[in-house]
2 protein chains.
Amino acid sequence: MSPRATIADVARLAGVHPGTVSRALNRKTEGQVNAETASRVRAVAKQLGYVPNSIARGLRTSSSMTIGVIIPDLTNPIFPPIVRGIDSHLAPRGYSAFVVNTDGSDATERLLFESLVQRQVDGFIFATGHSGHSIAGEAYERGIRAVMVNRDSRGVPYPAVVGDDAQGIRESVEHLGRLGHRRIAHIAGPPTFSTSQVRAEAFVAACADLGIRGEVFRAPAYSVEAGQSVMDSVLDGSGFRPTAVVAGNDLLALGVYHSLRLHGLSIPEDVSVVGFNDMPFAGDFQPPMTTVRTPHFDLGVESARLLLNQIESSALTALRVMLPVELIVRASTGPAPENPSFD
Amino acid sequence: MSPRATIADVARLAGVHPGTVSRALNRKTEGQVNAETASRVRAVAKQLGYVPNSIARGLRTSSSMTIGVIIPDLTNPIFPPIVRGIDSHLAPRGYSAFVVNTDGSDATERLLFESLVQRQVDGFIFATGHSGHSIAGEAYERGIRAVMVNRDSRGVPYPAVVGDDAQGIRESVEHLGRLGHRRIAHIAGPPTFSTSQVRAEAFVAACADLGIRGEVFRAPAYSVEAGQSVMDSVLDGSGFRPTAVVAGNDLLALGVYHSLRLHGLSIPEDVSVVGFNDMPFAGDFQPPMTTVRTPHFDLGVESARLLLNQIESSALTALRVMLPVELIVRASTGPAPENPSFD
DNA sequence: CGTGAGGCTGCAATCGATTGTGGTTTCTAG
DNA sequence: CTAGAAACCACAATCGATTGCAGCCTCACG
């Protein structure tokens, strides 16, 4: 690897001082140097293939132009769009993102967080919010800038960018109500996530408003397996016989699909199912899934925008951005059965 | 933001020289300092909440402990597992990854590449290989370390980590042959990708070996839309009437699903379909998709391993790692119809 | 008791850029 | 013609860590 050209090399060849080279090459300061000199410097720089060393620059300016993005798991399909949204806002502004996965472990989150602090990231975007999310609290104490995305974290004073989950659930229930359903189950996610609580509460409220009998069941995780086993226990153990289920998210809904299939029940003839998130390819499932579309990409964009605002204006405005969601009706919901197959 | 403690602060409070602090805090050099002094330094460091500034360290040691990962699009479901595989190897070794998306554009790839060079990344992992992939060539000229993952790039002397695509296709064709299919279409990806070529050639060879009539059709992209429109033209325009189709990847296969459905053909009764990659939730499609599982996570791990080897041993061993694939038989393939519905 | 060998630690240079300060030069205006 | 102001650029400090070199101290051995 041929040693990269430094600013000193350029200065020498252009016959000027390194400081002048620096000024000539930076938009904000190039006015301070004679136009002719500047163009000579630029010519030499190009000739030498000079690229500024942003490590060195970062040391001096104490800004690394990097952002830490902490998510639970990149292979969970809702996160790639969020990450891309973040990146799409960051990249044009000269920022780069470190994306790390915690796999839901607070311990690894802490480790990764520290390693990013060490790397002098200018701020964080947390997609890992949950009740008792200590890292965000600590980060705030240490004066670190951050925003929460997708999930809120009660008690943490960072801005949060979330979808209007309550509205999404309400529309789901109304949709099912219009189809004649009067007994609906809600498979809720883990109670430590704000999303689970918001959705469950909205479900209960909507059912009450519409005079629908709604029961809430809690899944230990937002996963296909959890959805399946909870639905199994609803069908086998509980006395409740729903004609429709509103799942806490698409993964849980998929688990419900599996459970229903194994019980010989068909969707939506016997039971209607609605998911949440509209993950990629949700329309290609068997049957295509009715679900609530959350604008994940935009969630990412907004969170990045908020963070950069904080960083550049250094104003810690505790804000909260809620983006609208949309019910996507596909084939997993249909009219309530006249004679429910299991009555 | 309270100014972070520096090594000088620790030195002052511990009553030693900054150099000593540095030595006391680094595994490799802590033997050079008195055990008692070292522990005192460590105590002070903890008390002050000192975290080394890796920007400063990077400047001095000229190694940033970061890797650039260049992929086409994170929302393409094959990439998250690759990225996680990379990360799982990098993180425990103190490296962090910058993941960037090119959206298939060489121009933005170039931009992102330069910005990462500027950030002094220690190496690159390219998942964007294609014929005429100039960036990798240039990078090599400049003595930059890198490896290619998933896709190969002919003519670029970097190591490549790929799946055994030829074997996967061969197994697909054999599987269909055993089911009695004698007319099979292959929807190939863009010819600029090595994967497309390898798979198409393997398809032709396998058909020849088994005495099956195989026709290759080229899709302009690895996307659902492309798959659908190519399959449309096969069904409508071409004289060829396949009873099965081997798609270049799962996205194309999904497009084939759509096309078939719109033509009133059912899978696998009328036409069998096999995909490639076994993307997440491929088993939940309608019908569950028979496809070739590529070990994407391991592809990522291997590529990171190769890269770190290169970096740490500084030996440019042009290697090639091929990982085994596996045919996953689900419900999109079945016996060839006795009387093909469209003859 | 002298000396050589380690063991420890301080000193200062260094990585590559940015930026406040100040000195020349040139130009303008009175 | 000269004072004052720009305009331009060089100088050097600085960011926070790492590391070769050298010095000091202690200890052991002759």
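**Figure 1. DNA strand C at the protein surface.** Sugar or phosphate supplies 63% of the atoms of DNA strand C within 4 Å of the protein, and bases supply the rest. This is a predicted model. There are 26 residues around DNA strand C. Ile7(A), Ser22(A), Arg60(A), His17(B) and Thr37(B) come nearest. The surface near this strand has 9 nonpolar, 12 polar and 5 charged residues.

**Figure 2. Polar contacts to DNA strand C.** Three pairs of atoms are picked out here. In the first, a side-chain N or O atom of Ser22(A) sits 2.5 Å from a phosphate oxygen of DNA strand C. In the next, the backbone takes part: an N or O atom of Asn53(A) is 3.0 Å from a phosphate oxygen of the strand. Arg23(B) reaches a base instead, with a side-chain N or O atom 2.8 Å from a base oxygen of DNA strand C. Which elements give two or more residues to the surface near DNA strand C? They are H2 and H4 of chain A, together with H2 and H4 of chain B. H4(A) gives the most, with 5 residues.

**Figure 3. DNA strand D at the protein surface.** Around DNA strand D there are 25 residues. Those that come nearest are Asn34(A), Thr37(A), Ile7(B), Ser22(B) and Arg60(B). Of the atoms of DNA strand D within 4 Å of the protein, 66% belong to sugar and phosphate. By class, the surface near this strand counts 9 nonpolar, 11 polar and 5 charged residues.

**Figure 4. Polar contacts to DNA strand D.** Look for the phosphate oxygens. A polar side-chain atom of Thr37(A) is 2.3 Å from one phosphate oxygen of DNA strand D. Asn34(A) uses its backbone: a polar atom there lies 2.7 Å from a phosphate oxygen of the strand. From chain B, a side-chain N or O atom of Arg57(B) is 2.9 Å from a phosphate oxygen of DNA strand D. Helix H2 (18-25) and helix H4 (54-61) of both chain A and chain B each supply at least two residues of the surface near this strand. Which helix gives the most? H4(B) does, with 5 residues.

**Figure 5. Domains of chain A.** Chain A is divided into three parts: domain 1 (7-52), domain 2 (61-163 + 296-327) and domain 3 (165-293). The C-alpha centres of domain 1 and domain 2 of chain A are 37 Å apart. An unreviewed UniProt entry lists residues 5-61 of chain A as "domain: HTH lacI-type". That span, residues 5-61 of chain A, is 67% helix and 0% strand. Its end C-alpha atoms lie 21 Å apart.

**Figure 6. Chain A laid on chain B.** A turn of 180° and a shift of 0.0 Å along the axis bring chain A onto chain B, with an RMSD of 0.1 Å. The two copies are therefore related as by a two-fold rotation axis. The same surface serves both copies, as 98% of the contact residues of chain A recur in chain B.

**Figure 7. Backbone details in three loops.** Most peptide bonds are trans, and most residues other than glycine have a negative phi. Here are some exceptions. The peptide bond from Gln286(A) to Pro287(A) is cis, with omega near -5°. Pro287(A) lies in the loop between strand E9 (272-277) and strand E10 (290-293) of chain A. Asp278(A) is also in the loop between E9 and E10 of chain A. Phi of Asp278(A) is positive, near 55°. In chain B, a cis peptide bond joins Ile267(B) and Pro268(B), with omega about 0°. Pro268(B) is found in the loop between helix H11 (250-262) and strand E9 (272-277) of chain B.

Methods. Residues are numbered from 1 along each chain as its sequence is written. Chains are lettered from A and ligands numbered from 1 in the order in which they are written. This is a predicted model: local features need pLDDT of at least 70, side-chain atom pairs count only at pLDDT 80 or more; totals for chains, interfaces and linings use all residues. Side-chain values use heavy atoms; hydrogens and water are left out. Domain bounds come from an automatic or database domain assignment. Copies are superposed by least squares on the C-alpha atoms of residues with pLDDT of at least 70 in both. Contact means heavy atoms within 4.5 Å. A residue is near a molecule or strand if one of its heavy atoms lies within 4 Å of it. A polar contact is a pair of N or O atoms within 3.5 Å; within protein, one must be able to donate a hydrogen and the other to accept it, and residues adjacent in sequence count only if both atoms are side-chain atoms. Helices (H or I, at least four residues) and strands (E, at least two) are DSSP runs, numbered from the N terminus. Ala, Val, Leu, Ile, Met, Phe, Trp, Tyr, Cys and Pro count as nonpolar, Asp, Glu, Lys and Arg as charged, and the others, Gly among them, as polar. UniProt positions are given in the numbering used here, feature names are shortened, and annotations may be inferred rather than shown by experiment.
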